[in-house]
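Trainee: Could you take one part of this model and go through it slowly with me? I'd like to know what pairs with what, and which side chains are tucked away.

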Amino acid sequence: MRAQFVLSEIGVGLRRNLTMTIAVVVSVALSLALAGASLLVRDQVNSMKGYWYDKVEVSIYFCTKSDQKASAQCSVGAATQQQIDGVKTALDGMPLVQSATFESSADAYKRWKDTNPDNPLLVAVGAEAMPQSWRVKLNDPTKYDVIQSAFAGKPGVKSVEDQRKILENLFGLLNGLQTAAFVIMVLMLFVALLLIVNTVRVSAFSRRRETGIMRLVGASNFYVQMPFIAEAAFAALLGAVLASGLLLAGHYFVQNFLAQRVQFIQFIGLSSVLAVIPLLVVVGMGMAGIAAFITLRKYLKV
């Protein structure tokens with residue numbers, strides 16, 4: 001009987017404040033969707049870092065004849081075979097090095113030609129202008145500075161470059177998007193809290209006579225509060241369901257449209273989205289329930 005009464009009161013409250021309830025549902029849905037998107041972007045960035053950082057290499061470039069006047073480091077001339085072999089011997093003695101692959105000038109020119117087929121410099125630049133290099137794969141890509149300090153400035157070595165620098169801008173952009181989503185999420189959650197508090201206050205004020213009668217006949221605090229808290233939690237539940245639908249729609253778009261056009265990125269799977277959804281439901285309903293409980297405290301003083 002009590003459960004039936006509470007459910008009927010929930011229905012009455014939702015109907016009386018239908019417009020504000022819809023506003024709460026929409027604001028909670030948007031804030032939770034942004035929260036879920038922020039978590040998924042974080043997972044995506046971590047996944048990409050783990051995938052790409054494991055593949056990046058450190059390149060040790062050697063001087064060419066054309067570098068003799070352009071670079072003080074190469075003022076002596078092109079690197080000798082002895083200097084190139086000396087770098088390989090040093091690399092073999094470093095536990096940090098997983099493997100080292102030699103790229104000749106001809107190989108470097110072919111790779112550059114394949115990646116820049118329309119470059120007008122192809123006519124003027126020959127293979128002899130491309131530097132020879134050791135492409136080094138590390139067991140721990142974050143220890144690039146060890147290779148940098150060991151070989152930078154050595155005779156015949158033009159420069160030591162880490163491919164991670166190419167990826168840092170991309171990861172910086174994604175981290176910026178994550179931060180922006182987090183800031184907007186916080187603002188939306190604040191707006192949702194204000195709407196929940198205002199909706200509960202209006203609902204409690206409109207039913208203050210019934211609430212007073214219930215208190216006079218001995219109803220407990222919990223029994224009086226329960227319909228209002230349940231209303232807020234139900235609205236938040238609807239918002240969480242809507243937010244979950246938005247995240248699933250976003251995942252469908254990424255997997256069936258974006259992933260086919262951006263194939264160099266390994267996107268996170270459906271399991272990551274499904275893992276976030278229960279958290280959204282708990283956070284949404286918990287936030288609404290706590291806000292309603294705190295708001296109702298003063299209305300129990302009859």
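Mentor: Let's start with the word "pair": two strands pair if DSSP finds at least two bridges between them. Strands themselves are DSSP runs of E, at least two residues long, numbered from the N terminus. Keep in mind that this is a predicted model.

With that in hand, look at the sheet. It is an open one, with four strands in the order 2-3-1-4 and antiparallel pairing. Strand 2 (97-103) and strand 4 (157-162) are the edge strands; each has a single partner, so one side of each has no neighbour in the sheet. On average, neighbouring strands are turned by 20 degrees against each other, if you ignore direction.

Now go to strand 1 (58-62). On one side, five bridges connect strand 1 with strand 4, in the antiparallel sense. Phe-62 is a handy landmark here, since it stands opposite Val-157 in strand 4. On the other side, strand 1 and strand 3 are joined by four bridges and again run antiparallel. There, Ser-59 faces Arg-135 in strand 3; hang on to that arginine, as we'll come back to it.

How many of strand 1's residues are buried? Five of its five, so the strand is mostly covered. Buried here means under 20% relative accessible area. The side chains split into two sets: Val-58, Ile-60 and Phe-62 point one way, while Ser-59 and Tyr-61 point the other way, and all of them are buried.

Move over to strand 3 (residues 133-138), which is joined to strand 2 by six bridges, with the two running antiparallel. If you want a place to put your cursor, Val-136 in strand 3 has Ala-100 standing opposite.

Back to that arginine. Side chains of opposite charge can pair when their charged atoms come close. The structure holds four salt bridges, and Arg-135 takes part in one with Glu-57, at 3.2 Å from N to O. That pair links distant parts of the chain, because Arg-135 sits in strand 3 and Glu-57 in the loop between helix 2 and strand 1, 78 residues apart. Arg-135 has a relative accessible area of 13%, which means it counts as buried. The side chain of Arg-135 also meets that of Glu-103 in a salt bridge, this time at 3.5 Å, N to O. Glu-103 lies in strand 2 and Arg-135 in strand 3, so this pair ties together parts that are 32 residues apart in sequence. Glu-103 is buried, just as Arg-135 is. Because these salt bridges share partners, Glu-57, Glu-103 and Arg-135 make up one network.

For contrast, try another of the salt bridges, the one between the side chains of Arg-42 and Asp-43, at 3.6 Å from N to O. Arg-42 is partly exposed, at 38% relative accessibility. Asp-43 is partly exposed as well, at 25%.

There is one more polar contact to look at while you're in this part of the sequence. Ser-105 belongs to helix 5 (residues 105-115). A polar atom of the Ser-105 side chain lies 2.8 Å from the backbone oxygen of Met-130. Is Ser-105 buried or exposed? Its relative accessible area is 18%, so Ser-105 counts as buried.

Before you close the viewer, take a look at the helices too. Leu-18, Ile-22, Val-26, Leu-30, Leu-242 and Leu-246 make a nonpolar surface patch of about 510 Å². Helix 2 (18-53) and helix 9 (221-261) each contribute at least two residues to the patch, and helix 2 has the largest share, with four. Leu-242 is in helix 9 and, at 42% relative accessibility, is partly exposed.

Compare that with Ala-288 in helix 10 (residues 270-296). Its relative accessible area is 0%, so Ala-288 is buried. The C-alpha atoms of Ala-288 and Val-24 are 9.7 Å apart, although 264 residues separate the two along the chain.

Conventions
Residues numbered from 1 in each chain as written. Predicted model: local features only at pLDDT ≥ 70, side-chain atom pairs only at ≥ 80, totals over all residues. Heavy atoms only, no water. Patch = residues over 30% accessible without salt bridge, like charges linked within 9 Å, V, L, I, M, F, W, Y side chains within 5 Å. Areas by Shrake-Rupley, 256 points an atom, 1.4 Å probe, with all protein chains shown as cover. Buried < 20%, exposed > 50% of the residue type's maximum accessible area, 1.4 Å probe, protein only. Polar contact = N/O pair within 3.5 Å; in protein donor to acceptor, adjacent residues only side chain to side chain. Axes fitted to C-alpha atoms, helices over the stretch in contact; angles between N-to-C directions.
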